[in-house]
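Please work through the exercises below with the sequence and the structure open beside you. Each task is followed by a solution that goes step by step.

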Amino acid sequence: EAAAEEEEMPPPFTGPVADLGPYQSALEGSWVYEELHSVRNVRPAAHATPLGMWGTFLYAGVVHYVTRGREWFTLSHGGADHERLKPASEFSPIEYPKPDGEVSFDLLSSVALTGTNHEGNQPPHLTLKDDAVPVARNLAVFDGPEQRFCPAGVYEYLEEEGERRLQINAQNCIHCKTCDIKCPSQNIDWVVPEGGGGPAYAGM
């Protein structure tokens with residue numbers, strides 16, 4: 001609504017950058033903000049104490065049940081999400097069972113259900129700040145987390161002539177921005193793609 005009002009302003013009041021100042025106040029006065037604000041501490045409760053997920057259960061089952069989100073404090077996650085990724089050397093590989101097509105499904109079949117599509121000649125909306133970082137750091141230290149945290153198979157490491165490289169399949173992108181948030185090197189830059197592109201969930 002704030003964007004629509006900006007579009008309707010007469011020419012003297014418009015410029016190259018839209019003023020969406022009213023958006024914040026409109027959001028804070030809506031039922032959306034009320035619901036989100038009431039559960040703001042549920043997920044951070046896992047990081048606020050050494051209890052981990054048990055801390056979340058304790059908060060949701062006791063504190064939130066009593067206060068309904070009206071507590072005077074706001075818990076913190078204790079740091080950015082990408083800072084919590086640990087080196088692959090500290091873990092053992094997980095062998096996941098193959099999709100059975102009944103309860104579990106392969107990734108690309110699930111992506112197909114999103115109806116995702118991008119024009120082939122549009123400017124790239126997924127770029128790297130430094131092309132050397134994926135192999136030199138993300139793959140070497142974290143075993144290429146891009147190929148696992150992306151739910152749409154956008155990122156994959158390929159080997160050509162004995163060298164590894166990161167390939168970006170931007171056509172698959174469902175615009176979740178996980179890569180922009182979770183990349184341990186903060187090397188992936190997600191920007192808004194060309195209008196009309198992306199997922200088109202049927203029935204929503």
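The exercises that follow deal with a predicted model, and they go from the overall layout to pairs of side chains and then to empty space.

**Exercise 1. Layout of the chain**

Find how many helices and strands the protein chain has, and state in which pattern they follow one another along the sequence.

*Solution.* Begin with the count, which gives nine helices and four strands in the protein chain. Next, read along the sequence, where these elements appear in the pattern α-α-α-α-α-α-β-α-α-β-β-α-β. Finally, turn to burial: of the 204 residues in the protein chain, 25% are buried.

**Exercise 2. A hairpin and the salt bridge between Arg165 and Glu160**

Determine in which sense strand 2 and strand 3 pair, and describe the turn between them.

*Solution.* Locate strand 2 at residues 155–160 and strand 3 at residues 163–168; the two pair in the antiparallel sense, over six bridges. To follow the register, take Tyr155, which stands opposite Ile168 in strand 3. Then look at the turn, where two residues lie between the strands of the hairpin and where Glu161 has a positive phi of about 55°. As a last step, consider the side chains of Arg165 and Glu160, which meet in a salt bridge with an N to O distance of 3.0 Å. Arg165 is partly exposed at 30% relative accessibility, and Glu160 is likewise partly exposed, with a relative accessible area of 42%.

**Exercise 3. Aromatic pairs**

Find how many aromatic pairs there are, and work out why the rings of Trp72 and Phe73 count as edge-to-face.

*Solution.* The count comes to two aromatic pairs. One of them is formed by Trp54 and Phe57, with 5.4 Å from centre to centre and 85° between the planes, an edge-to-face arrangement. These two residues are three apart in helix 5 (residues 53–67), so that about one helical turn separates Trp54 from Phe57. Trp54 is exposed, with a relative accessible area of 63%, whereas Phe57 is partly exposed at 49%.

For Trp72 and Phe73, note that the ring centres are 5.1 Å apart and that the planes stand at 85°. The cut-offs needed here are a centre distance within 6.5 Å for a pair and an angle over 60 degrees for edge-to-face; the Trp72 and Phe73 pair is therefore edge-to-face. Trp72 counts as exposed at 82% relative accessibility, while Phe73, with a relative accessible area of 27%, is partly exposed.

**Exercise 4. Salt bridges elsewhere in the structure**

Establish how many salt bridges a search of the whole structure finds, and state which parts of the chain the pair of Asp81 and Lys182 ties together.

*Solution.* The search of the whole structure finds three salt bridges. In one of these, the side chains of Asp81 and Lys182 meet at 2.5 Å, N to O. Asp81 lies in the loop between helix 5 and helix 6 (107–112), and Lys182 lies in helix 9 (residues 178–182), so this pair ties together parts that are 101 residues apart in sequence. Asp81 is partly exposed, its relative accessible area being 41%.

Another salt bridge joins the side chains of Asp143 and Arg148, with an N to O distance of 3.8 Å. Asp143 counts as partly exposed at 38% relative accessibility.

**Exercise 5. Pockets and a cavity**

Give the volume of the largest pocket, of the second largest pocket and of the largest cavity, and describe what lines each of them.

*Solution.* Start with the largest pocket, which has a volume of about 510 Å³. It is lined by 15 residues, of which Ala88, Phe91, Ile94, Phe142 and Arg148 are the closest to its centre. Sorted by class, this lining has nine nonpolar, one polar and five charged residues.

Continue with the second largest pocket, whose volume is about 190 Å³. Its lining includes Asp81 and Lys182, together with residues such as Arg43, His47 and His77. By class, the lining of this second largest pocket divides into two nonpolar, three polar and five charged residues.

End with enclosed space, where the count comes to one cavity of 30 Å³ or more. The largest cavity holds about 70 Å³ of space. Among the 14 residues that line this cavity, Cys150, Val154, Cys173, Cys176 and Cys179 are the closest to its centre. Its lining has eleven nonpolar, two polar and one charged residues.

How values were computed:
Residues are numbered from 1 along each chain as its sequence is written. This is a predicted model: local features need pLDDT of at least 70, side-chain atom pairs count only at pLDDT 80 or more; totals for chains, interfaces and linings use all residues. Side-chain values use heavy atoms; hydrogens and water are left out. Rings of Phe, Tyr and Trp (its six-membered ring) pair if their centres lie within 6.5 Å; planes under 30 degrees apart count as stacked, over 60 as edge-to-face and the rest as tilted. Buried means under 20% relative accessible area, exposed over 50%, partly exposed in between (1.4 Å probe, protein chains only). Two strands pair if DSSP finds at least two bridges between them. A salt bridge is a side-chain nitrogen of Lys or Arg within 4 Å of a carboxyl oxygen of Asp or Glu. On a 1 Å grid over the protein atoms alone, a cavity is a set of points where a 1.4 Å probe fits but cannot get out, and a pocket is an open set with protein on both sides within 12 Å along at least five of seven lines; lining residues have an atom within 4 Å of a point. Grid points are joined across faces, edges and corners, and a volume is the space filled by probe spheres set on the points. Ala, Val, Leu, Ile, Met, Phe, Trp, Tyr, Cys and Pro count as nonpolar, Asp, Glu, Lys and Arg as charged, and the others, Gly among them, as polar.
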